[in-house]
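Hi everyone, thanks for coming. I'd like to walk you through a structure that most of you haven't seen before.

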Amino acid sequence: MTQQSVALIGFGYWAPNLARNLNTLAGGRWRYLVELSAQRRERAAQLYPRVRVTDDLEEVLADPAVGAAIVATPAATHAPLARQLLAAGRHVLVEKPLALATADAAELAALADQRGLALMVGHTFEYVPAVLRMRELIEAGEIGDTLYLHSQRLNLGRIQSDINAFASIGPHDVSIANYLVGRPPQWVVAEGARYLSRQVEDVTFVTVGYPDGVLAHMHVSWLDPSKTRRTTVVGSRKMLVYDDMDADAKLRVYDKGADRLDPDAYGAWQYRLRDGAMQVPSLPMTEPLAAEVRHFLECVDTGARPRTDGWNGVEVVAVLEAVDASLRAGGARVAVASPARAVR
Ligand SMILES: NC(=O)c1ccc[n+]([C@@H]2O[C@H](COP(=O)([O-])OP(=O)(O)OC[C@H]3O[C@@H](n4cnc5c(N)ncnc54)[C@H](O)[C@@H]3O)[C@@H](O)[C@H]2O)c1
């Protein structure tokens with residue numbers, strides 16, 4: 001079987017990381033790079049002289065050897081580019097977020113299903129070993145019932161002007177929370193502020209409600225003194241802390257909790273606090289982006305459905321859209337849309 005060639009679209013801040021992995025994993029299959037900026041094209045051509053660098057997507061689409069494309073352009077261009085690629089019969093990996101509107105995201109997911117193509121979303125954190133282990137621990141019942149989650153994704157920069165902080169980096173927290181809870185969210189409440197920009201929120205505090213009272217609170221900001229990338233999951237038996245900035249202990253499992261005892265003489269409940277051992281599970285050192293690109297190539301080759309498929313992307317975009325509506329409505333509770341998942 002001849003393996004289909006791949007094109008990379010965009011070569012801005014993030015795409016060079018995809019390019020490095022494509023170069024290693026896809027080798028000669030990486031055939032084109034499409035970029036609108038002449039300066040960025042020149043940079044790509046220097047780094048990867050074997051790859052054909054162009055500003056014309058049509059040139060790529062005219063080449064029948066190209067079976068797949070990776071889209072790493074600004075968020076607003078994701079839906080039109082993915083639509084064009086899928087309509088032209090190409091498998092697509094789109095950087096997060098899949099689209100800016102739920103209707104667009106659902107249309108792309110359905111189009112991929114109809115055409116029997118892989119549509120994958122670059123929810124990189126669903127390929128992070130610590131996050132995979134957290135889900136394994138939750139599924140094995142190790143932490144008891146998942147009660148609530150909270151996450152912080154903070155830094156000074158990179159300040160964007162086209163989308164707010166939550167739409168830019170919050171998709172990571174939503175994808176992590178959706179993956180760990182394992183069920184689609186029902187509602188959101190979002191507060192935010194525009195301290196730097198008049199157009200978009202630099203700081204957001206978002207609460208996402210899941211079935212059975214599970215809450216996920218997400219603090220996302222590009223105006224903060226400390227670079228923080230942390231997710232905490234509180235279960236009825238144990239608690240998990242994933243700290244991506246901690247090189248030695250990315251994941252900690254705490255045997256901590258509060259066990260309810262029989263009521264005292266006055267009928268009040270008593271609690272025994274459990275402050276047991278902390279464990280640091282050993283985790284593989286794989287680069288998440290390498291795992292993501294490898295998975296996409298496997299799906300292209302085998303026809304398998306990507307783990308982070310279009311419908312996974314829809315569930316994240318639906319939260320982003322509800323967050324925007326809540327921000328516009330002064331922090332009102334807004335229901336998260338749940339477009340029907342078509343099955344291939
Ligand atoms: N997975 C992650 O951890 C992660 C991290 C950072 C960024 N991202 C995502 O990567 C994407 C790109 O972000 P960025 O920060 O690199 O943006 P960027 O603005 O730095 O780069 C985008 C590039 O795309 C080019 N471009 C725009 N429209 C194009 C088109 N139609 N055809 C070809 N090239 C086009 C621009 O010229 C620019 O060089 C975004 O979706 C972002 O959310 C993902």
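I'll go through the ligand site, then the helix pairs, then a few spots in the backbone. One thing up front: this is a predicted model.

Okay, the ligand. How many residues surround the ligand? There are 21 of them, and the closest are Trp 14, Glu 35, His 78, Lys 96 and Thr 124. Let me pick out some polar contacts. Thr 124 uses its side chain: an N or O atom there is 2.7 Å from a nitrogen atom of the ligand. Thr 73 does it with the backbone, where a polar atom sits 3.3 Å from an oxygen atom of the ligand. And then there's Arg 158, with a polar side-chain atom 3.0 Å from an oxygen atom of the ligand.

Hold on to Arg 158 for a second, and to Lys 96 as well, since both turn up again in the backbone. Gly 157 and Arg 158 are joined by a cis peptide bond, with omega at about -20 degrees. If you're looking for Arg 158, go to the loop between β7, residues 146–156, and α7. Lys 96 has a cis bond too, this one leading to Pro 97, and omega there is near -10 degrees. You'll find Pro 97 in the loop between β5, which is 91–95, and α5.

That brings us to α5, and I'd like to look at its partners. A quick reminder: when two helices pack, we describe them by the angle between their axes and the distance between those axes.

Start with α4, residues 75–87, against α5, residues 102–115: the angle is about 15 degrees and the axes are 10 Å apart. So α4 runs roughly parallel to α5. The crossing is left-handed. On the α4 side, the contact uses Ala 79, Ala 82, Arg 83, Leu 86 and Ala 87, and on the α5 side Asp 104, Glu 107, Leu 108, Leu 111, Ala 112 and Arg 115. Sort those by class and you get seven nonpolar, four charged and no polar residues.

Now, α5 also packs against α9, residues 310–328. Which way does α9 run relative to α5, parallel or antiparallel? The angle is about 175 degrees, with the axes 8 Å apart. That's over 145 degrees, so the two are roughly antiparallel. Here α5 brings Thr 102, Ala 105, Ala 106, Ala 109, Ala 110 and Asp 113, while α9 brings Gly 310, Trp 311, Val 314, Val 317, Ala 318 and Glu 321. The split for this contact is eight nonpolar, two polar and two charged.

One more pair: α6, residues 129–139, with α7, residues 165–181. Their angle is about 25 degrees and their axes are 9 Å apart, so α6 is roughly parallel to α7. This crossing is right-handed. From α6 you have Val 131, Leu 132, Met 134, Arg 135 and Ile 138, meeting Ile 176, Tyr 179 and Leu 180 from α7. By class, that contact has seven nonpolar residues, one charged and no polar.

Last spot, and then I'm done. Have a look at Asp 212, in the loop between β9, 203–209, and β10, 215–221. What is its phi? For Asp 212 phi is near 60 degrees, so to speak on the positive side, in a residue other than glycine.

That's my tour, thanks for listening.

Key. Residues numbered from 1 in each chain as written. Predicted model: local features only at pLDDT ≥ 70, side-chain atom pairs only at ≥ 80, totals over all residues. Heavy atoms only, no water. Axes fitted to C-alpha atoms, helices over the stretch in contact; angles between N-to-C directions. Helix = DSSP H or I, 4+ residues; strand = E, 2+ residues; numbered from the N terminus. Parallel < 35°, antiparallel > 145°, perpendicular 65-115°, else oblique. Left-handed = near helix turned anticlockwise from the far one by under 90°. Contact = heavy atoms within 4.5 Å. Nonpolar A, V, L, I, M, F, W, Y, C, P; charged D, E, K, R; others polar. Near = heavy atom within 4 Å. Polar contact = N/O pair within 3.5 Å; in protein donor to acceptor, adjacent residues only side chain to side chain.
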